[in-house]
Amino acid sequence: MIDVKNLEKAFGGHRVLSGINEHIEKGEKVAVIGPSGSGKSTFLRCLNLLEQPTGGTITFEGVDITDPKTDINKLRTRMGMVFQQFNLFPHLSVLENIRLAPVKLKLMTKEQAGEKALELLKRVGLPDKADAYPKQLSGGQQQRIAIARALAMNPDVMLFDEPTSALDPEMVGEVLEIMRELADDGMTMVVVTHEMGFARSVATRVLFMDEGNIAEQGEPEAFFGNPQHPRLKEFLSKVL
Amino acid sequence: MEWLLDQLKQTFIEGSRWRYFAQGIGITLEVTVLALLLGVAIGVLVAVVRSAHDSQRGNRKGLGHVLLGILDWVCKLYLTVIRGTPMVVQLLIMWFVVFKWARDDMMLWVASLSFGINSGAYVAEIVRSGIMSIDLGQSEAGRSLGLTYVQTMGYIVIPQAIKNILPALGNELITLLKETSVCGFIGLTDLTKGAMIVQSRTYSAFVPYISLAVIYLVMVLALTGLLNLLERRLRASDRR
(Lines give C-alpha, C1' and ligand atoms only; values in the text may rest on other atoms or scores of the structure.)
Protein backbone atom coordinates (compact mmCIF):
# COMPACT_ATOMS: atom_id res chain seq x y z
CA MET A 1 0.00 0.00 0.00
CA ILE A 2 2.82 2.37 0.89
CA ASP A 3 6.18 1.77 -0.67
CA VAL A 4 9.13 3.89 0.45
CA LYS A 5 12.39 3.76 -1.49
CA ASN A 6 15.63 5.48 -0.52
CA LEU A 7 13.75 8.21 1.30
CA GLU A 8 16.02 11.09 2.22
CA LYS A 9 15.28 14.32 4.01
CA ALA A 10 17.68 17.08 4.95
CA PHE A 11 16.93 20.41 6.59
CA GLY A 12 19.59 22.68 5.16
CA GLY A 13 22.79 20.74 5.73
CA HIS A 14 21.31 18.59 8.49
CA ARG A 15 20.42 15.08 7.34
CA VAL A 16 17.40 13.72 9.18
CA LEU A 17 16.52 10.71 7.05
CA SER A 18 19.26 8.87 5.23
CA GLY A 19 17.84 6.48 2.69
CA ILE A 20 14.88 4.66 4.22
CA ASN A 21 13.37 1.63 2.51
CA GLU A 22 10.07 0.39 3.85
CA HIS A 23 6.96 -1.35 2.65
CA ILE A 24 3.64 -1.16 4.44
CA GLU A 25 0.87 -3.59 3.53
CA LYS A 26 -2.84 -2.96 3.71
CA GLY A 27 -4.15 -3.80 7.17
CA GLU A 28 -0.78 -3.57 8.90
CA LYS A 29 -0.45 -1.66 12.15
CA VAL A 30 3.08 -0.33 12.21
CA ALA A 31 4.48 1.26 15.35
CA VAL A 32 7.53 3.49 14.93
CA ILE A 33 9.68 3.96 18.02
CA GLY A 34 13.06 5.45 18.71
CA PRO A 35 14.90 8.15 20.63
CA SER A 36 13.99 11.79 20.00
CA GLY A 37 15.79 13.23 17.01
CA SER A 38 15.95 9.85 15.29
CA GLY A 39 13.66 11.04 12.48
CA LYS A 40 10.46 9.12 13.29
CA SER A 41 8.14 12.12 13.03
CA THR A 42 9.90 13.37 9.90
CA PHE A 43 9.49 9.92 8.36
CA LEU A 44 5.77 9.93 9.13
CA ARG A 45 5.30 13.49 7.86
CA CYS A 46 7.03 12.59 4.61
CA LEU A 47 4.40 9.91 3.97
CA ASN A 48 1.75 12.56 3.24
CA LEU A 49 4.26 15.17 2.08
CA LEU A 50 3.81 17.54 5.01
CA GLU A 51 7.57 17.36 4.69
CA GLN A 52 8.93 17.43 1.18
CA PRO A 53 11.53 14.64 0.82
CA THR A 54 14.89 15.69 -0.58
CA GLY A 55 15.45 12.31 -2.17
CA GLY A 56 13.88 8.94 -2.92
CA THR A 57 10.31 8.01 -3.80
CA ILE A 58 7.11 7.21 -1.93
CA THR A 59 4.43 5.22 -3.70
CA PHE A 60 0.92 5.16 -2.25
CA GLU A 61 -1.66 2.80 -3.74
CA GLY A 62 0.41 2.58 -6.90
CA VAL A 63 0.90 6.33 -7.38
CA ASP A 64 4.27 8.03 -6.95
CA ILE A 65 3.37 10.88 -4.60
CA THR A 66 6.82 12.46 -4.80
CA ASP A 67 6.24 13.16 -8.50
CA PRO A 68 5.50 16.92 -8.75
CA LYS A 69 2.69 16.16 -11.20
CA THR A 70 0.75 14.12 -8.64
CA ASP A 71 -2.26 15.88 -7.11
CA ILE A 72 -1.20 15.57 -3.50
CA ASN A 73 -4.44 17.07 -2.18
CA LYS A 74 -6.43 14.21 -3.66
CA LEU A 75 -4.10 11.62 -2.15
CA ARG A 76 -4.21 13.27 1.25
CA THR A 77 -7.96 12.74 1.41
CA ARG A 78 -7.18 9.02 1.65
CA MET A 79 -4.51 9.43 4.34
CA GLY A 80 -5.82 10.58 7.70
CA MET A 81 -3.42 12.25 10.08
CA VAL A 82 -3.54 12.80 13.83
CA PHE A 83 -1.13 15.27 15.41
CA GLN A 84 0.59 15.45 18.76
CA GLN A 85 -1.00 18.86 19.45
CA PHE A 86 -4.48 17.79 18.14
CA ASN A 87 -4.69 20.89 15.91
CA LEU A 88 -8.46 21.16 16.09
CA PHE A 89 -9.80 24.37 14.56
CA PRO A 90 -10.60 26.56 17.60
CA HIS A 91 -13.01 28.86 15.76
CA LEU A 92 -15.27 25.99 14.72
CA SER A 93 -17.53 23.74 16.77
CA VAL A 94 -16.74 20.05 17.07
CA LEU A 95 -19.34 19.21 14.43
CA GLU A 96 -17.96 21.83 12.03
CA ASN A 97 -14.42 20.61 12.64
CA ILE A 98 -15.39 17.12 11.53
CA ARG A 99 -17.52 17.97 8.52
CA LEU A 100 -15.47 20.90 7.14
CA ALA A 101 -13.21 18.93 4.80
CA PRO A 102 -15.75 16.43 3.40
CA VAL A 103 -18.19 19.27 2.66
CA LYS A 104 -15.70 21.77 1.22
CA LEU A 105 -14.13 19.08 -0.95
CA LYS A 106 -17.65 18.17 -2.13
CA LEU A 107 -17.32 14.54 -1.10
CA MET A 108 -20.53 14.73 0.93
CA THR A 109 -23.45 17.10 1.35
CA LYS A 110 -23.69 19.04 4.57
CA GLU A 111 -26.42 16.66 5.81
CA GLN A 112 -24.47 13.51 4.96
CA ALA A 113 -21.33 14.88 6.60
CA GLY A 114 -23.33 15.91 9.66
CA GLU A 115 -24.77 12.42 10.02
CA LYS A 116 -21.35 10.88 9.52
CA ALA A 117 -19.89 13.26 12.13
CA LEU A 118 -22.49 12.28 14.73
CA GLU A 119 -21.88 8.62 14.02
CA LEU A 120 -18.11 9.13 14.44
CA LEU A 121 -18.64 11.10 17.65
CA LYS A 122 -20.58 8.14 18.99
CA ARG A 123 -17.73 5.87 17.95
CA VAL A 124 -15.14 7.93 19.87
CA GLY A 125 -17.48 8.10 22.87
CA LEU A 126 -18.38 11.80 22.69
CA PRO A 127 -21.89 11.86 21.20
CA ASP A 128 -22.98 14.88 23.25
CA LYS A 129 -20.06 17.17 22.28
CA ALA A 130 -21.15 18.07 18.73
CA ASP A 131 -21.89 21.70 19.59
CA ALA A 132 -18.97 22.20 21.96
CA TYR A 133 -15.86 24.17 21.01
CA PRO A 134 -12.37 22.66 21.25
CA LYS A 135 -11.30 24.90 24.13
CA GLN A 136 -14.09 23.54 26.31
CA LEU A 137 -12.74 20.00 26.03
CA SER A 138 -9.97 18.09 27.78
CA GLY A 139 -6.88 17.07 25.85
CA GLY A 140 -8.05 13.48 25.63
CA GLN A 141 -11.44 14.54 24.28
CA GLN A 142 -9.81 16.85 21.74
CA GLN A 143 -7.58 14.09 20.48
CA ARG A 144 -10.53 11.70 20.13
CA ILE A 145 -12.29 14.36 18.07
CA ALA A 146 -9.17 14.86 15.97
CA ILE A 147 -9.30 11.12 15.24
CA ALA A 148 -12.98 11.44 14.29
CA ARG A 149 -12.14 14.37 12.02
CA ALA A 150 -9.54 12.32 10.17
CA LEU A 151 -11.91 9.33 9.92
CA ALA A 152 -14.65 11.49 8.38
CA MET A 153 -12.70 11.42 5.11
CA ASN A 154 -12.91 7.60 5.02
CA PRO A 155 -9.13 7.28 4.73
CA ASP A 156 -7.37 4.09 3.67
CA VAL A 157 -4.55 4.65 6.13
CA MET A 158 -4.23 6.60 9.37
CA LEU A 159 -0.97 8.28 10.36
CA PHE A 160 -0.50 9.07 14.06
CA ASP A 161 2.27 11.45 15.12
CA GLU A 162 2.83 10.83 18.84
CA PRO A 163 -0.92 11.07 19.52
CA THR A 164 -0.63 10.73 23.30
CA SER A 165 2.56 12.68 24.00
CA ALA A 166 0.82 15.95 24.81
CA LEU A 167 -1.79 14.38 27.07
CA ASP A 168 -2.06 14.26 30.83
CA PRO A 169 -1.32 10.69 31.95
CA GLU A 170 -4.90 9.90 32.96
CA MET A 171 -6.12 10.71 29.45
CA VAL A 172 -3.70 8.53 27.54
CA GLY A 173 -5.83 5.42 28.05
CA GLU A 174 -9.00 6.78 26.45
CA VAL A 175 -7.16 7.76 23.27
CA LEU A 176 -5.28 4.47 23.02
CA GLU A 177 -8.58 2.65 23.49
CA ILE A 178 -10.05 4.38 20.43
CA MET A 179 -6.93 3.54 18.44
CA ARG A 180 -7.12 -0.07 19.56
CA GLU A 181 -10.72 -0.31 18.35
CA LEU A 182 -9.71 1.27 15.06
CA ALA A 183 -6.98 -1.34 14.68
CA ASP A 184 -9.46 -4.13 15.44
CA ASP A 185 -11.69 -2.80 12.67
CA GLY A 186 -8.88 -3.46 10.21
CA MET A 187 -7.60 0.09 9.59
CA THR A 188 -4.08 0.37 8.23
CA MET A 189 -2.14 2.42 10.77
CA VAL A 190 1.30 3.94 11.12
CA VAL A 191 1.87 5.15 14.66
CA VAL A 192 4.86 7.08 15.95
CA THR A 193 4.67 6.51 19.68
CA HIS A 194 6.41 6.31 23.01
CA GLU A 195 3.74 3.95 24.36
CA MET A 196 5.60 0.65 24.39
CA GLY A 197 2.62 -1.20 25.83
CA PHE A 198 0.50 -0.07 22.91
CA ALA A 199 3.21 -0.96 20.39
CA ARG A 200 3.55 -4.40 21.90
CA SER A 201 -0.14 -5.24 22.08
CA VAL A 202 -1.61 -3.56 19.00
CA ALA A 203 1.14 -3.31 16.39
CA THR A 204 1.66 -6.09 13.88
CA ARG A 205 5.17 -4.79 13.26
CA VAL A 206 7.49 -2.44 15.14
CA LEU A 207 10.18 -0.24 13.57
CA PHE A 208 13.08 1.11 15.58
CA MET A 209 14.57 4.28 14.13
CA ASP A 210 18.01 5.58 14.97
CA GLU A 211 19.93 8.41 13.33
CA GLY A 212 17.69 8.61 10.29
CA ASN A 213 17.56 4.90 9.56
CA ILE A 214 15.40 1.96 10.46
CA ALA A 215 17.90 0.13 12.62
CA GLU A 216 15.72 -2.85 13.44
CA GLN A 217 12.22 -4.10 12.85
CA GLY A 218 10.11 -7.10 13.61
CA GLU A 219 6.94 -8.53 15.06
CA PRO A 220 6.39 -7.18 18.56
CA GLU A 221 6.99 -10.51 20.29
CA ALA A 222 10.50 -10.96 18.91
CA PHE A 223 11.22 -7.24 18.74
CA PHE A 224 10.70 -6.64 22.44
CA GLY A 225 11.59 -10.15 23.64
CA ASN A 226 14.82 -10.56 21.76
CA PRO A 227 16.24 -7.26 20.46
CA GLN A 228 19.43 -7.56 18.39
CA HIS A 229 20.71 -4.05 17.63
CA PRO A 230 22.81 -2.64 20.51
CA ARG A 231 21.10 0.78 20.19
CA LEU A 232 17.69 -0.87 20.47
CA LYS A 233 18.77 -2.83 23.52
CA GLU A 234 20.01 0.35 25.11
CA PHE A 235 16.80 2.21 24.17
CA LEU A 236 14.51 -0.49 25.50
CA SER A 237 16.46 -0.78 28.75
CA LYS A 238 15.77 2.92 29.30
CA VAL A 239 12.08 3.01 28.41
CA LEU A 240 10.77 -0.32 29.62
CA MET B 1 -20.51 85.10 22.79
CA GLU B 2 -22.44 87.21 20.42
CA TRP B 3 -19.50 87.06 18.03
CA LEU B 4 -19.48 83.28 18.16
CA LEU B 5 -23.20 83.02 17.45
CA ASP B 6 -22.79 85.39 14.57
CA GLN B 7 -19.91 83.33 13.20
CA LEU B 8 -21.86 80.10 13.55
CA LYS B 9 -24.75 81.67 11.70
CA GLN B 10 -22.42 82.84 8.94
CA THR B 11 -20.69 79.49 8.67
CA PHE B 12 -23.69 77.19 8.65
CA ILE B 13 -26.93 79.03 8.06
CA GLU B 14 -26.37 81.89 5.68
CA GLY B 15 -26.54 80.73 2.08
CA SER B 16 -27.30 77.23 3.38
CA ARG B 17 -23.57 76.66 3.85
CA TRP B 18 -24.24 73.65 6.08
CA ARG B 19 -24.69 71.81 2.82
CA TYR B 20 -20.96 72.01 2.13
CA PHE B 21 -20.42 70.13 5.36
CA ALA B 22 -23.25 67.64 4.86
CA GLN B 23 -22.27 66.80 1.31
CA GLY B 24 -18.63 66.76 2.33
CA ILE B 25 -19.33 64.17 5.03
CA GLY B 26 -21.12 62.08 2.41
CA ILE B 27 -18.17 62.19 0.00
CA THR B 28 -15.62 61.53 2.74
CA LEU B 29 -17.54 58.48 3.99
CA GLU B 30 -18.11 57.20 0.47
CA VAL B 31 -14.43 57.40 -0.42
CA THR B 32 -13.47 55.81 2.90
CA VAL B 33 -15.86 52.86 2.59
CA LEU B 34 -15.00 52.15 -1.06
CA ALA B 35 -11.28 52.43 -0.34
CA LEU B 36 -11.67 50.18 2.69
CA LEU B 37 -13.36 47.44 0.68
CA LEU B 38 -10.79 47.64 -2.09
CA GLY B 39 -7.92 47.90 0.40
CA VAL B 40 -8.99 44.78 2.31
CA ALA B 41 -9.44 42.83 -0.94
CA ILE B 42 -6.00 43.84 -2.22
CA GLY B 43 -4.46 43.38 1.22
CA VAL B 44 -5.71 39.80 1.70
CA LEU B 45 -4.66 38.86 -1.82
CA VAL B 46 -1.15 40.27 -1.47
CA ALA B 47 -0.76 38.77 2.01
CA VAL B 48 -1.77 35.30 0.79
CA VAL B 49 0.63 35.49 -2.16
CA ARG B 50 3.48 36.62 0.08
CA SER B 51 2.74 33.98 2.73
CA ALA B 52 2.43 31.25 0.11
CA HIS B 53 5.78 32.26 -1.32
CA ASP B 54 7.42 32.39 2.10
CA SER B 55 6.01 29.05 3.23
CA GLN B 56 7.17 27.02 0.26
CA ARG B 57 10.21 25.06 1.18
CA GLY B 58 12.27 22.36 -0.35
CA ASN B 59 13.09 21.79 -3.93
CA ARG B 60 9.79 21.62 -5.76
CA LYS B 61 10.11 23.11 -9.18
CA GLY B 62 7.62 23.76 -11.93
CA LEU B 63 5.54 26.44 -13.58
CA GLY B 64 3.45 27.12 -10.48
CA HIS B 65 6.49 27.95 -8.43
CA VAL B 66 7.99 30.24 -11.04
CA LEU B 67 4.63 31.99 -11.31
CA LEU B 68 4.47 32.38 -7.54
CA GLY B 69 7.95 33.85 -7.58
CA ILE B 70 6.91 36.45 -10.16
CA LEU B 71 3.71 37.27 -8.26
CA ASP B 72 5.70 37.69 -5.06
CA TRP B 73 8.09 40.05 -6.84
CA VAL B 74 5.17 42.12 -8.16
CA CYS B 75 3.67 42.30 -4.65
CA LYS B 76 6.95 43.45 -3.16
CA LEU B 77 7.30 46.13 -5.83
CA TYR B 78 3.76 47.30 -5.10
CA LEU B 79 4.46 47.50 -1.36
CA THR B 80 7.71 49.38 -1.89
CA VAL B 81 6.28 51.98 -4.27
CA ILE B 82 3.05 52.60 -2.39
CA ARG B 83 4.57 52.76 1.06
CA GLY B 84 7.51 54.75 -0.18
CA THR B 85 5.61 57.66 -1.73
CA PRO B 86 3.17 60.14 -0.17
CA MET B 87 -0.56 59.52 -0.50
CA VAL B 88 -1.14 63.00 -1.98
CA VAL B 89 1.41 62.37 -4.69
CA GLN B 90 -0.25 59.07 -5.58
CA LEU B 91 -3.60 60.84 -5.75
CA LEU B 92 -2.23 63.57 -8.02
CA ILE B 93 -0.61 61.04 -10.35
CA MET B 94 -3.76 58.94 -10.43
CA TRP B 95 -6.02 61.86 -11.38
CA PHE B 96 -3.79 64.06 -13.52
CA VAL B 97 -1.66 61.37 -15.21
CA VAL B 98 -3.25 57.94 -15.19
CA PHE B 99 -6.86 59.09 -15.52
CA LYS B 100 -6.26 62.43 -17.22
CA TRP B 101 -8.97 61.62 -19.76
CA ALA B 102 -11.58 61.03 -17.07
CA ARG B 103 -14.63 63.30 -16.69
CA ASP B 104 -15.10 65.25 -13.48
CA ASP B 105 -18.03 63.10 -12.37
CA MET B 106 -15.63 60.17 -12.14
CA MET B 107 -13.49 61.96 -9.57
CA LEU B 108 -15.02 60.14 -6.62
CA TRP B 109 -14.24 56.77 -8.17
CA VAL B 110 -10.68 57.66 -9.06
CA ALA B 111 -10.08 58.99 -5.56
CA SER B 112 -11.55 55.83 -4.00
CA LEU B 113 -9.39 53.68 -6.26
CA SER B 114 -6.31 55.65 -5.31
CA PHE B 115 -7.01 55.43 -1.58
CA GLY B 116 -7.89 51.74 -1.89
CA ILE B 117 -4.61 50.96 -3.63
CA ASN B 118 -2.75 52.91 -0.96
CA SER B 119 -4.56 51.30 1.94
CA GLY B 120 -4.12 47.82 0.46
CA ALA B 121 -0.36 48.04 0.94
CA TYR B 122 -0.74 48.65 4.65
CA VAL B 123 -3.55 46.12 5.07
CA ALA B 124 -1.40 43.51 3.27
CA GLU B 125 1.31 43.68 5.90
CA ILE B 126 -1.25 43.66 8.71
CA VAL B 127 -2.95 40.56 7.29
CA ARG B 128 0.40 38.88 6.75
CA SER B 129 1.30 39.43 10.39
CA GLY B 130 -2.07 37.89 11.27
CA ILE B 131 -1.42 34.84 9.11
CA MET B 132 1.98 34.39 10.73
CA SER B 133 0.40 34.58 14.19
CA ILE B 134 -1.58 31.37 13.58
CA ASP B 135 0.11 28.13 14.62
CA LEU B 136 1.56 26.19 11.70
CA GLY B 137 -0.28 23.12 12.99
CA GLN B 138 -3.57 24.69 11.91
CA SER B 139 -2.63 24.82 8.25
CA GLU B 140 -0.96 21.41 8.47
CA ALA B 141 -4.20 19.96 9.83
CA GLY B 142 -6.12 21.56 6.97
CA ARG B 143 -3.69 20.36 4.32
CA SER B 144 -3.57 16.85 5.82
CA LEU B 145 -7.33 16.58 5.24
CA GLY B 146 -6.79 17.28 1.55
CA LEU B 147 -7.81 20.93 1.49
CA THR B 148 -5.87 23.11 -0.95
CA TYR B 149 -3.63 25.94 0.20
CA VAL B 150 -6.28 28.51 -0.68
CA GLN B 151 -9.10 26.56 1.04
CA THR B 152 -6.95 26.15 4.16
CA MET B 153 -6.27 29.88 4.20
CA GLY B 154 -9.89 30.80 3.57
CA TYR B 155 -11.66 28.47 5.98
CA ILE B 156 -9.07 27.95 8.70
CA VAL B 157 -6.21 30.45 8.90
CA ILE B 158 -7.70 33.80 7.85
CA PRO B 159 -10.86 33.57 10.00
CA GLN B 160 -8.60 33.10 13.03
CA ALA B 161 -6.11 35.71 11.85
CA ILE B 162 -8.80 38.39 11.42
CA LYS B 163 -9.54 38.22 15.12
CA ASN B 164 -5.90 38.86 15.96
CA ILE B 165 -5.45 41.77 13.56
CA LEU B 166 -8.70 43.61 14.23
CA PRO B 167 -7.07 46.31 16.42
CA ALA B 168 -4.41 47.03 13.79
CA LEU B 169 -7.02 46.98 11.04
CA GLY B 170 -9.11 49.47 12.99
CA ASN B 171 -6.10 51.72 13.24
CA GLU B 172 -5.67 51.58 9.47
CA LEU B 173 -9.34 52.42 8.95
CA ILE B 174 -9.09 55.51 11.16
CA THR B 175 -5.94 56.62 9.35
CA LEU B 176 -7.71 56.10 6.03
CA LEU B 177 -10.71 58.17 7.06
CA LYS B 178 -8.52 61.07 8.08
CA GLU B 179 -6.24 60.76 5.08
CA THR B 180 -9.12 61.30 2.67
CA SER B 181 -8.91 64.96 3.75
CA VAL B 182 -6.38 65.46 0.94
CA CYS B 183 -9.09 64.80 -1.68
CA GLY B 184 -9.28 68.55 -2.23
CA PHE B 185 -5.93 68.46 -4.02
CA ILE B 186 -7.66 67.10 -7.12
CA GLY B 187 -10.77 69.21 -6.58
CA LEU B 188 -13.06 66.65 -4.97
CA THR B 189 -15.30 68.47 -2.50
CA ASP B 190 -14.94 66.24 0.50
CA LEU B 191 -15.49 67.46 4.04
CA THR B 192 -12.19 69.36 4.28
CA LYS B 193 -12.60 70.97 0.88
CA GLY B 194 -16.14 71.96 1.90
CA ALA B 195 -14.84 73.76 4.97
CA MET B 196 -12.20 75.51 2.85
CA ILE B 197 -14.90 76.75 0.48
CA VAL B 198 -16.93 78.08 3.40
CA GLN B 199 -13.87 79.90 4.71
CA SER B 200 -13.32 81.50 1.32
CA ARG B 201 -16.90 82.80 1.39
CA THR B 202 -16.99 84.13 4.95
CA TYR B 203 -13.34 85.26 5.22
CA SER B 204 -13.28 83.68 8.65
CA ALA B 205 -11.35 80.52 9.52
CA PHE B 206 -12.08 79.84 13.18
CA VAL B 207 -15.54 78.28 13.14
CA PRO B 208 -15.28 76.37 9.85
CA TYR B 209 -12.02 74.68 10.77
CA ILE B 210 -12.80 74.01 14.43
CA SER B 211 -16.12 72.53 13.31
CA LEU B 212 -14.24 70.48 10.73
CA ALA B 213 -11.97 69.05 13.42
CA VAL B 214 -14.96 68.25 15.66
CA ILE B 215 -16.77 66.46 12.83
CA TYR B 216 -13.71 64.27 12.09
CA LEU B 217 -13.33 63.54 15.78
CA VAL B 218 -16.95 62.47 16.11
CA MET B 219 -16.66 60.24 13.05
CA VAL B 220 -13.51 58.60 14.42
CA LEU B 221 -15.16 58.10 17.83
CA ALA B 222 -18.17 56.46 16.18
CA LEU B 223 -15.86 54.22 14.18
CA THR B 224 -13.86 53.27 17.27
CA GLY B 225 -17.09 52.39 19.03
CA LEU B 226 -18.20 50.16 16.18
CA LEU B 227 -14.82 48.43 16.06
CA ASN B 228 -14.86 47.78 19.81
CA LEU B 229 -18.31 46.26 19.46
CA LEU B 230 -17.14 44.00 16.65
CA GLU B 231 -14.07 42.96 18.58
CA ARG B 232 -16.10 42.11 21.65
CA ARG B 233 -18.41 39.94 19.59
CA LEU B 234 -15.53 38.08 17.98
CA ARG B 235 -13.79 37.63 21.31
CA ALA B 236 -16.97 36.22 22.82
CA SER B 237 -16.20 32.92 21.09
CA ASP B 238 -12.96 32.67 23.08
CA ARG B 239 -14.85 32.40 26.33
CA ARG B 240 -17.26 29.72 25.27
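Buried means under 20% relative accessible area, exposed means over 50%, and partly exposed lies in between (1.4 Å probe, protein chains only). These legends describe a predicted model, in which local features need pLDDT of at least 70, side-chain atom pairs count only at pLDDT 80 or more, and totals for chains, interfaces and linings use all residues. Residues are numbered from 1 along each chain as its sequence is written, chains are lettered from A and ligands numbered from 1 in the order in which they are written, and side-chain values use heavy atoms, with hydrogens and water left out.

**View 1. Helix α1 of chain B has buried residues on one side.** Helices (H or I, at least four residues) and strands (E, at least two) are DSSP runs, numbered from the N terminus. The buried residues of α1(B) are Gln7(B), Gln10(B) and Thr11(B). They sit on the same side of α1(B) because they cover an arc of only 90° around the axis. That arc is taken from the directions from the helix axis to the C-beta atoms. Glu2(B), Leu5(B) and Ile13(B) are exposed on the other side. The buried residues pack against α2 (18-55), α8 (191-202) and α9 (206-236) of chain B.

**View 2. Helix α1(B) from end to end agrees with its expected span.** The expected span is 1.5 Å times one less than the number of residues. For the 12 residues of α1(B) (residues 2-13), that gives 16 Å. The end C-alpha atoms are 15 Å apart, which agrees. Just after the helix, Gly15(B) takes a positive phi of about 65°.

**View 3. Chain A meets chain B.** Here 31 residues of chain A are in contact (heavy atoms within 4.5 Å) with 22 residues of chain B. The two chains bury about 2400 Å² between them, 54% of it on carbon and sulfur atoms. Buried area is the accessible area (1.4 Å probe) that two parts lose on being put together, summed over both.

**View 4. One salt bridge links chain A and chain B.** A salt bridge puts a side-chain nitrogen of Lys or Arg within 4 Å of a carboxyl oxygen of Asp or Glu. The partners are Arg45(A) and Glu140(B), at 2.6 Å, N to O.

**View 5. Glu28(A) sits in a loop.** The loop lies between β2 (14-24) and β3 (29-33) of chain A. Glu28(A) is buried, with a relative accessible area of 15%. Beyond its neighbours within four places in sequence, Glu28(A) is in contact with residues including His23(A), Met187(A) and Arg205(A).
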